[in-house]
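Dear colleague,

Please find below the structure that I am handing over to you, followed by an account of what was found in it. I would be grateful if you read the text with the model open beside you.

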Amino acid sequence: MAPERVAVRDRAAVLRRADHRLLRVAALGGLLVLWEALTRIGWIPALFLPSPLGVVRELGEMAASGQLMIHIAASLRRLVLGFGVGAAAGIIVGIATGVFSRAEAVGQPLIAATFPIPKIALLPLLILWLGIGEPSKIAVIALGVFFPMAINTYAGVRQADPLLVRAAIAFGAGRWSVIRKVILPSALPMIFAGLKLGAGTALLLLVAAEMIAADSGIGFLVLHAGNIMDTTRLMVGIVCLSVLGVLSQWVLTRCERLAVPWRHT
Amino acid sequence: MIDGSAARGKAASGLICCGVPGMRVIVNRLSKTYRDRRGQDLVALDGIHLTVEPEEFVAILGPSGCGKSTLLGMMAGLLSATSGDVVFEGERRPGQPFTATVFQEFALFPWRTARANVEFGLEELDLPPAERQERSARFIAMTGLEGFEDKFPHQLSGGMRQRVGIARALAVEPAVLLMDEPFSALDAQTRTLMMEELLGIWERTRTGIVYVTHNIQEAVYMADRVVVLSRRPGRVLETVPVELKRPRHEGQMGEPGFLHATERIWGLIKSQAQAALVEGEG
């Protein structure tokens, strides 16, 4: 055998992933340019696919006339109220079922039984109970947010480190102190995960509720524009909804960074 | 388990000892039996009897699975005893807790800064904010945490974290400080430094300490007495006094008194440690 002299090669290099930042921007921008080009050439009629620039123009006009703000304000009001009520109730129920065995025995089977119901199916019932106005829309959003919040908060509470609970008790903490100073902060990351999940559900139910029974709101705008075949206006509604979705996630992420500083610094 | 009423009862019946003021701890024929999943009784501790005098530094040493931590948990009132009890007797300042614990895994609250961790026990004692600040500042200085008060635990090294753990426990000024293998999660160099610092702090505060460890050198270097426990069921094999002058320093580790005590203890537990090795029980 002849003696060898071989330098060691980095064999894990194939596993490294580059960022390709430019490609990311190009993909998104390219799609828009292609879309605009296709509508300009006229291969696709504007009725089926309005041009991106046309959508932007329409958005500007609707904003200037104040029409858009009316719809956005109506939707935001429902969203914030429904989300707030549902999240608050979910957090309270989640903590109660996580901490107290009796509350768990009562609450867990009820939640497990009602959680799988598609909440939008309850809207007719809610309209029957609460009327066709705002309360029924807010209630269906609240219901949709309540379940992920209750389930996530419960899981967060159950995940609290028993060692930290023991430490708190060793330093004289009573039950309420343990809940406030150990269990609640332990559950915060899960609570925020629930809030983000709930925000998505809330948007979905908002649009559904506004399509079923409303004369304002972005959901109504989209449905109405579709009915009169005003595809450009329809797209304006969809753009507003996606901005709302992105914005709500962004706000929640900012709040999480403020409320859970020990995870991000 | 600790029993406030028992402690007060004995104090009232005139059993307060002379000499140094403070509280002594009497572990009175303490036993703990666990029931495992197959329903079999497992005796963790069997008739433990020991006394910790005020201002004394006592190490409790034993091989893995001798129930050291169980014993400490019962002294802290975090576990109930199957039989026997733990009694505190002597003079106690109003509101002074019987014990405070330093945990092996630090057990710091990750959402609290170093200062807020130190103040946790003070909040539970319902101290006014001014006194809380004064005390936390004092013990932060004593444990060498100045400049790190506003850091979260994850921003601190292991050694600094355990300083927070020690400051948190000292800040409530307990009658007895319980330490459950406080430095075993640290690297060897940090551990040596922390041991020295703990001795320095103890010289200044003179709080009685019960120090659980499985490290013979550590126990002998720091303690006045080493209580050696047997493997399951945990019994007191012997209490080995350490004849070393205070204040202690590393140089004493070569002295005859040190070697004599470590050899004596190793002789007591060697066969038990071997048995533990074979069985592989934690």
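**Helix packing in chain A**

Helix 6 of chain A passes helix 8 of chain A in a right-handed crossing. Please note that this is a predicted model. The two helices, of which helix 6 of chain A covers residues 134–158, pack at an angle of about 155°, and their axes lie 7 Å apart. Because angles over 145 degrees count as roughly antiparallel, helix 6 of chain A is described as roughly antiparallel to helix 8 of chain A. Sorted by class, the residues of the contact between helix 6 and helix 8 of chain A comprise 18 nonpolar, 8 polar and 1 charged.

**The contact between the chains**

Helix 8 of chain A also has a part in the contact with chain B. To this contact chain A brings 14 residues and chain B brings 19 residues. On the side of chain A that touches chain B, helix 7 (162–170) and helix 8 (175–212) each supply at least two residues. Helix 7 of chain A gives the most to that side, with 6 residues. By class, the residues on the side of chain A that touches chain B are 10 nonpolar, 3 polar and 1 charged.

**The sheet of chain B**

Chain B holds an open sheet of 6 strands, in the order 5-6-7-3-8-9, with mixed pairing. Strand 5 (99–102) and strand 9 (236–241) of chain B each have a single partner strand and stand at the edges, so one side of each is left without a neighbour in the sheet. From one strand to the next, the twist averages 20°.

Strand 3 of chain B, residues 57–61, pairs in the parallel sense with strand 7 of chain B, residues 208–213, over 5 bridges. Within this pairing, B:Ala59 stands opposite B:Tyr211, and the bridge partner of B:Ile60 is B:Val212. Strand 3 of chain B also runs parallel to strand 8 of chain B (residues 225–229), to which 4 bridges join it. Here B:Leu61 stands opposite B:Val228.

Is strand 3 of chain B enclosed by the rest of the structure or left open, and why? In this strand 5 of the 5 residues are buried, so strand 3 of chain B is largely enclosed by the rest of the structure. B:Phe57, B:Ala59 and B:Leu61 point one way from the strand, whereas B:Val58 and B:Ile60 point the other way, and all are buried.

**Helix packing in chain B**

Helix 6 of chain B (residues 158–171) and helix 7 of chain B (residues 188–205) have axes that come within 11 Å and cross at roughly 20°. Because angles under 35 degrees count as roughly parallel, helix 6 of chain B is described as roughly parallel to helix 7 of chain B. Their crossing is right-handed. In the contact, B:Gly158, B:Gly159, B:Gln162 and B:Leu170 of helix 6 of chain B meet B:Thr190, B:Met194 and B:Thr205 of helix 7 of chain B. The residues of this contact divide into 2 nonpolar, 5 polar and no charged.

With kind regards

Key:
Residues numbered from 1 in each chain as written. Chains lettered and ligands numbered in written order. Predicted model: local features only at pLDDT ≥ 70, side-chain atom pairs only at ≥ 80, totals over all residues. Pairing = 2+ DSSP bridges. Axes fitted to C-alpha atoms, helices over the stretch in contact; angles between N-to-C directions. Buried ≥ 20, exposed ≤ 12 C-beta atoms within 10 Å, placed from the backbone. Contact = placed C-beta atoms within 7 Å. Nonpolar A, V, L, I, M, F, W, Y, C, P; charged D, E, K, R; others polar. Parallel < 35°, antiparallel > 145°, perpendicular 65-115°, else oblique. Left-handed = near helix turned anticlockwise from the far one by under 90°.
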